Amino acid sequence: MSLPVAVPPSPPEPMMTAEEVAAFLKISVSMVYKLRRTGALRAKPVGALYRFHPDVVRAFASGEPAVVHPFPHRRP
């Protein structure tokens, strides 16, 4: 009898830049930021820029309801 082999979890997908999101959705970068401002695309601020989780972008592209992805929250 052999023991099951533990498979290490795959590394998380890297966050997408606004430029990558624009290329993926075939829209302009300014439209990506407009969608972020209106809340259609959720993003994580990184300095003066924003990063988008690939799951959120894919859900938006497929017309699914907004994916609530657990971004880490800052402590007050």
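Is Arg58 buried, partly exposed or exposed, and what is its relative accessible area? Arg58 turns out to be partly exposed, with a relative accessible area of 36%. Welcome to a predicted model, in which Arg58 belongs to a network of salt bridges together with Glu13 and Asp55. The points below look at that network and then at Thr17.

**The salt bridges**
- Side chains of opposite charge can pair when their charged atoms come close.
- In this model, the count of salt bridges is two.
- One salt bridge joins Glu13 to Arg58, and their closest N and O atoms are 2.8 Å apart.
- Glu13 sits in the segment before H1 while Arg58 is in helix H3 (residues 54–62), so this pair ties together parts that are 45 residues apart in sequence.
- Arg58 also forms a salt bridge with Asp55, where the closest N and O atoms lie 2.7 Å apart.
- Arg58 and Asp55 are separated by about one helical turn, because they are three residues apart in helix H3.

**How open the partners are**
- Glu13 is partly exposed, at a relative accessible area of 39%.
- Asp55 is partly exposed as well, and its relative accessible area is 30%.

**A look at Thr17**
- You can find Thr17 in the segment before helix H1 (18–25).
- Thr17 has 18% relative accessibility, and because buried means under 20%, Thr17 counts as buried.
- Which residues does Thr17 contact, leaving aside its neighbours within four places in sequence? They are Tyr50, Arg51 and Phe52.

How values were computed. Residues are numbered from 1 along each chain as its sequence is written. This is a predicted model: local features need pLDDT of at least 70, side-chain atom pairs count only at pLDDT 80 or more; totals for chains, interfaces and linings use all residues. Side-chain values use heavy atoms; hydrogens and water are left out. Helices (H or I, at least four residues) and strands (E, at least two) are DSSP runs, numbered from the N terminus. Buried means under 20% relative accessible area, exposed over 50%, partly exposed in between (1.4 Å probe, protein chains only). Contact means heavy atoms within 4.5 Å. A salt bridge is a side-chain nitrogen of Lys or Arg within 4 Å of a carboxyl oxygen of Asp or Glu.
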